[in-house]
Amino acid sequence: MNIKLTYMAASVAVALMASSCSVFNNSKSNRVSGDTAQKIENTNKNKPAKPSKVEKADKNKDNGSHESARKKNDHASIASQLNGEWRIVKVGDTKVSGDDDMPYINFEASTGKFYSSNGCNILNGNYKVDTDKIAFSGVISTMKYCEWVKYDSAITAVLSGESPVKVTITKLGSDYYLAFLNPSGKEMMTAVRDNMGFLNGNWQIVSVRGKAIDDEEATIFIDVPALKVHGNTGCNYFNGEVYINPDKSNAIDFSNMGLTRMACPKFEQEQAIMLALEETATALDRGDGNVILLDNAGKELMTLKSIPISTEE
């Protein structure tokens with residue numbers, strides 16, 4: 001009897017042990033003991049978490065956004081600087097003389113159109129800026145033949161619209177230079193836009209050759225876009241034309257001046273003003289609302305003070 005009880009107890013113990021092992025094995029639990037869990041937790045704290053696929057996608061999206069924004073800024077920068085008229089001063093290795101019928105290109109940002117002269121024919125069409133490239137399209141041209149113009153066909157080729165043209169804009173002194181580049185980076189054509197806008201407007205003549213002019217009637221109005229000038233010597237009215245020399249920085253010339261012939265006691269003042277305008281070769285902006293006109297030797301001829309535009313009706 002004792003032997004049977006002993007055998008039954010042993011059998012029950014073996015069964016319980018087998019049952020216990022079966023429970024753990026069948027559960028396939030990933031749980032570990034407290035000590036082991038603590039060690040794993042501490043180890044994981046020292047390892048940076050791997051970014052999820054969503055985080056990676058967001059990061060790539062942000063990088064793409066920054067790159068897109070940079071390209072848009074470059075696009076806007078070139079597009080805004082292009083607006084206006086540029087005089088073509090070099091085609092390939094040929095320098096265009098200021099004595100020639102100066103070729104030009106005028107970009108009209110508000111309409112996306114351009115107008116140009118190649119020194120012989122007039123061209124116009126559409127343009128679009130993409131980062132640092134200009135794509136020309138819908139270009140039409142007059143068909144004159146000018147044997148004496150050696151660069152007209154080269155200018156037409158640049159503006160023909162066959163493929164986008166890479167451009168750069170550089171500021172040298174007070175002038176801006178626009179270079180049209182071929183695929184290898186060589187300049188095909190160069191245009192310049194002077195920065196003579198500071199001279200545009202109405203001016204009080206405050207001195208001539210260092211001598212003060214205290215006369216509110218002595219004024220001059222310079223219309224840079226129209227290349228016209230008119231004014232008053234304090235006695236007679238005058239008018240004439242403005243020429244901006246593309247070969248020299250800040251160069252300006254007043255010519256074909258006409259003058260009324262009313263007699264008055266300010267003859268010497270009038271003569272001094274007209275002679276100073278005739279000798280003017282350069283204009284400099286002093287940055288304080290005053291402009292200085294200089295002769296070829298850099299000697300001061302005349303000082304002008306800006307006259308604010310009146311808002312009163």
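**A colleague's notes on strands, pockets and one helix**

1. Let's start with a pair you can find quickly on screen: F221 stands opposite H230 in β13. Please keep in mind as you look around that this is a predicted model. The partner strand here is β12, which holds F221, and β12 and β13 run antiparallel, joined by 6 bridges. The hairpin they make has 4 residues between the strands, and in it L227 takes a positive phi near 55°.

2. Follow the strands outward from there. On one side, β12 (residues 218–223) pairs with β10 (residues 201–208) in the antiparallel sense, over 4 bridges. F221 turns up again in this pairing, with N202 opposite. F221 thus has a facing residue in each pairing: N202 in one and H230 in the other.

3. On the other side, strand β13 (residues 228–233) is joined to strand β14 (residues 237–243) by 5 bridges, and the two run antiparallel. H230 faces N239 in β14, while its partner in the other direction is F221. A hairpin links β13 and β14, with 3 residues between them. In its turn, G234 has a positive phi of about 100°.

4. The pairing goes on to β15 (residues 253–259), which meets β14 in the antiparallel sense over 5 bridges. A good landmark is V242, opposite F254 in β15. Strand β15 also contains N256, whose phi is near 50°, a positive value in a residue other than glycine. What is the relative accessible area of N256? The value is 58%, and N256 is exposed, since the cut-off for that class is over 50%.

5. R209 is another backbone spot to look at. In the loop between β10 and β11 (211–212), R209 has a positive phi of about 55° although it is not a glycine. Most residues other than glycine have a negative phi. Because its relative accessibility is 42%, R209 counts as partly exposed.

6. Now to the open spaces. The largest pocket has a volume of about 480 Å³. It is lined by 20 residues, and the closest to its centre are E85, R87, D194, V224 and L227. The elements giving two or more residues to this lining are β1 (84–91) and β9 (187–193). By class, the lining has 11 nonpolar, 4 polar and 5 charged residues. L227, one of the central five, is the residue with positive phi in the hairpin of β12 and β13.

7. The second largest pocket has a volume of about 280 Å³. Of its 17 lining residues, S163, V165, L181, N182 and M188 are the closest to its centre. Two or more residues come from each of α4 (152–158) and β7 (165–172), and α4 gives the largest share, 3 residues. The lining divides into 9 nonpolar, 5 polar and 3 charged residues.

8. How many cavities of 30 Å³ or more does a search of the whole structure find? The search finds 1, and about 50 Å³ of space lies in the largest cavity. Its lining includes R87, D175, V192, D194 and K248, along with others such as I244, P246 and A251. By class, that lining has 4 nonpolar, 3 polar and 4 charged residues. R87 and D194 line this cavity and are also among the residues closest to the centre of the largest pocket.

9. Helix α5 (residues 267–279) has 13 residues and reaches 18 Å from its first C-alpha to its last, close to the 18 Å expected at 1.5 Å a residue. Which residues of α5 are buried? They are Q269, E270, I273, M274, A276 and L277. Seen down the helix axis, these buried residues fall within an arc of 160°, so they line one face of α5. F267, E268 and E278, on the other side of the helix, are exposed.

10. One last stop is D101, in the loop between β2 (94–95) and β3 (104–108). Is D101 buried or exposed? D101 counts as exposed because its relative accessibility is 57%. D101 and V149 are 48 residues apart in sequence, and their C-alpha atoms are 9.3 Å apart in space.

Terms used. Residues numbered from 1 in each chain as written. Predicted model: local features only at pLDDT ≥ 70, side-chain atom pairs only at ≥ 80, totals over all residues. Heavy atoms only, no water. Expected span 1.5 Å × (residues − 1). Buried < 20%, exposed > 50% of the residue type's maximum accessible area, 1.4 Å probe, protein only. Arc of directions from axis to C-beta. 1 Å grid on protein atoms, 1.4 Å probe; cavity = no way out; pocket = protein on both sides within 12 Å on 5 of 7 lines; lining within 4 Å. Points joined across faces, edges and corners; volume = space filled by probe spheres on them. Nonpolar A, V, L, I, M, F, W, Y, C, P; charged D, E, K, R; others polar. Pairing = 2+ DSSP bridges.
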